[in-house]
Amino acid sequence: MTRISAEFRHAMHWAHSWLGVVLGIIMFAVFWMGTLTIFAPEIDQWMIPETRIVHQERDISYDRLLAELPPEARASAYINFVVPTERHPAIGFFYQGADGTFHDSALDPATGQPLEMTDSLAASGFFYPFHLSLMIEWQNLGNWIVGLAALAMLILLVSGLFIHRKIIAEFFVFRPHRKARRATLDLHNLSSLIGLPFYFLMPLSGLLIFAFLYLPWGIGEAFDGDMDAAYAEMSGDYAAPERSGRPAPLASVDAMKREAEALWSAEEGVPVKTNLVRVLNHGDETAVVYFRNTFPEDRVVLSEYVAVFDGASGRLIRNFSLPPLGEASAWIQGAHFVQFGHWPLRWLYFFGGLGGCVMIATGMLFWLRSRESKLANTSLGYRVVEALTIGGVSGIVLATAAFLVANRLLPSDAALAGIDRAGLEVRVFWLMWLGTFLHAAVLRERAWGQQCWAIAVSGMAAVILNAATTPHHIIAALSGGHWAVAITDIVLIAGAGLALWAGLRLAQNAEPRSSDLKALPAE
Amino acid sequence: MAGAIQQNGPGRIAWRLLAAFGGGYALVSGFVAMMGQVLPLIGVARGEAVALALMLALFIYVPVCLMMFATPRPWRDGLAVLATAAALILLARAI
């Protein structure tokens, strides 16, 4: 039997340490934002109170919605409706204006009229894109950085398995009352092993979701470089022809929707509904209407079916369903998106995400603890990693809480130096996050406790401000069926309580830096 | 015992990283392209061939990175990664 050599184990240790230190903060930010994104629709309702609508099953006429569109939208080459669901009770609506910009709004499902909404990116517009790209849009650089972090996470997981000799035994070992370094490592091992399959699945599926971005040449080569053809064959995309300029009325979209759903349901053997109604080249004789079941309620797989109709005649021109390998890939991607209707599993994902945050944070902490006695007072590199770790862990949590507080505090017409209200909320996040790094650089270990206190205060402030600025305090939200709001408040209170407890523990355990003492005896 | 990786200077570590991430990227790009060209020859649809290749790509990329971090012969193995990538790309282009 071949044994793992000490040299190989050492190499894995090297890779594990340095990839973790260099990319740990990015991984933590991606995991943290991904964890919040699991409940993005619920946080959206909390941040945009006008969308706190109790969902009712109703037949929505897209013919009527299209007839009532404002003139600019009616002439749009790209009109998109997102069908309301329990988690997204408003009708999502966006269109591309004549100048190419996208306009995003929500429609009241009862009246079809646009909702006057709080100007906020909220979770779907900020946490979600942050999770994908760190909000760095230039040349998709953010997506590439996140992709590198995801690849590094897979390497870290595999290398972590090699460097731990007694991996099963370590799962059952957690000694919180031992010295900080030992307890940190125990918690790192425990949190790593407890969610290991989940931690593999997330970066792997995340990379697969963005395969078209990461491997364009490899994918395009099979299609002679024609990426539109690749999208069409692999995901059912349909590129509408250029507008002809000859007007033509649109056939009934509601009838097309019924036909699409009947086709899909017959193929699947159970009712299948569309999530997406898209009209391309509206009002032109080249118009097409596109339906997709992006997020099925009762299955993991994404976007199994696409139906495309000729807009003028209402004739079906394309009925796409995923082939077997495409379905397998879409299942893996669906397991990442977790949009299926399974609340216990969604909560399990949430706690899995938090477990991933603990794993990454304790890994970075252990790196610091291991070098504390040698480097804490002398090494600039150590101090940089220390400040980045504190700001990257408690700092981003505090910045998130500040984002929620700003959402409830800023007046509806807030604007500053050309920055609109939504932009101001985001600036609050960035400024707070930057501040936490500076705070950590100056106060060093004391910053942990202070930032925990600040998280506790901000979390409670967000709950109180929600009660003060909207009719839905926790009791009202619970009694009115606004579960999204109530649960967001409850999670905020629990998070504040946890931060308070952590702050108290840190204050109790405050002791002189070990580097100021003689080196601790070896464990 | 000092591991192989600690016996390296900055140049060899940089080469390991370049061959792991850059060479690995070229290798999986070539692999996806090659699969997208070869599998259709045996009747697999192009989209299906590419979907399969994409799902397998990470099972190649991650081990390549680990190998490049662990190998005691980084120059030779890094060149082997690059040569394999080039061969796959050329094969995909030739079909």
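Select first the loop between α5 (122–133) and α6 (141–163) of chain A, where A:Gln139 lies, bearing in mind that everything on this tour belongs to a predicted model. A:Gln139 is not a glycine, and yet its phi is positive, at about 55 degrees. Is this residue buried or exposed? A:Gln139 has 8 other C-beta atoms within 10 Å and is exposed, since a residue with 12 or fewer such neighbours counts as exposed.

Go on to the loop between α11 (216–221) and α12 (227–235) of chain A, which holds A:Asp224. Here again a residue other than glycine has a positive phi, near 55 degrees in the case of A:Asp224, and A:Asp224 is exposed, with 8 other C-beta atoms within 10 Å.

**Helix α13 of chain A**

Now select residues 253–268 of chain A, which form helix α13, a helix of 16 residues that reaches 22 Å from its first C-alpha to its last, close to the 22 Å expected at 1.5 Å a residue. Within α13(A), colour the buried residues, which are A:Val253, A:Met256, A:Lys257, A:Ala260 and A:Trp264. Why do they lie on the same side of α13(A)? They cover an arc of only 100 degrees around the axis, and that puts them on the same side of the helix. An α-helix has 3.6 residues a turn, so residues three or four places apart point the same way.

If you turn to the face of α13(A) that points away from its buried side, you will find the exposed residues A:Ala255, A:Arg258, A:Ala262 and A:Ala266. To see what covers the buried residues of α13(A), add elements of chain A including α3 (62–67), β4 (276–280), β5 (288–292) and β6 (305–310). Following α13(A) comes A:Gly269, with a positive phi near 85 degrees.

**Helix α14 of chain A**

The next selection is residues 324–337 of chain A, helix α14, whose 14 residues should span 20 Å at 1.5 Å a residue, in agreement with the 20 Å between its end C-alpha atoms. Buried in α14(A) are A:Leu325, A:Gly326, A:Ser329, A:Ala330, A:Ile332, A:Gly334 and A:His336. The cover over these buried residues includes α9 (196–209) and α12 of chain A, together with α2 of chain B. Just after α14(A), look at A:Val338, which takes a positive phi of about 40 degrees.

**Chain B and its contact with chain A**

With α2 of chain B already in view, show the whole of chain B, which has three helices and zero strands, and whose C-alpha trace spans about 50 × 25 × 15 Å along its principal axes. Of the 95 residues in chain B, 47% are buried. Among the contacts in chain B between residues at least 6 apart in sequence, 72% join residues at least 24 apart.

How many residues does each chain bring to the contact between them? Chain B gives 29 residues and chain A gives 31 residues. On the side of chain B that touches chain A, α1 (10–38) and α2 (46–70) of chain B each supply at least two residues, and α2(B) gives the most, with 16 residues. The residues on that side of chain B divide into 21 nonpolar, six polar and two charged.

**The nonpolar cores**

From the contact, move to B:Val32, which belongs to the largest nonpolar core, a set of 127 residues in which A:Phe28, A:Ile155 and B:Val32 have the most contacts. Leaving aside residues up to four places away in sequence, B:Val32 touches A:Leu215, A:Gly218, A:Ile219, B:Val50, B:Ala53, B:Leu54 and B:Ala57. Apart from this core lies another, of 32 residues, among them A:Ile79, A:Ile91, A:Phe93 and A:Leu280.

**Towards the end of chain A**

Select A:Leu498, found in helix α20 (residues 483–508) of chain A, which counts as partly exposed with 14 C-beta neighbours inside 10 Å. A:Ala149 is 349 residues from A:Leu498 along the chain, and their C-alpha atoms are separated by 28 Å.

As a last stop, colour chain A by pLDDT: its mean is 91, and 96% of its residues reach 70 or more. Over residues 514–523 of chain A, however, pLDDT stays under 50, and the model has 13 contacts beyond four places in sequence for that stretch.

Technical notes
Residues are numbered from 1 along each chain as its sequence is written. Chains are lettered from A and ligands numbered from 1 in the order in which they are written. This is a predicted model: local features need pLDDT of at least 70, side-chain atom pairs count only at pLDDT 80 or more; totals for chains, interfaces and linings use all residues. Two residues are in contact if their C-beta atoms, placed from the backbone, lie within 7 Å. Helices (H or I, at least four residues) and strands (E, at least two) are DSSP runs, numbered from the N terminus. Ala, Val, Leu, Ile, Met, Phe, Trp, Tyr, Cys and Pro count as nonpolar, Asp, Glu, Lys and Arg as charged, and the others, Gly among them, as polar. A nonpolar core is a set of buried Ala, Val, Leu, Ile, Met, Phe, Trp, Tyr and Cys residues joined through C-beta atoms within 7 Å. A residue is buried if 20 or more other C-beta atoms lie within 10 Å of its own, exposed if 12 or fewer, and partly exposed in between; C-beta atoms are placed from the backbone. pLDDT is the predictor's confidence in each residue, from 0 to 100. The expected span of a helix is 1.5 Å times one less than its number of residues. The arc is that of the directions from the helix axis to the C-beta atoms.
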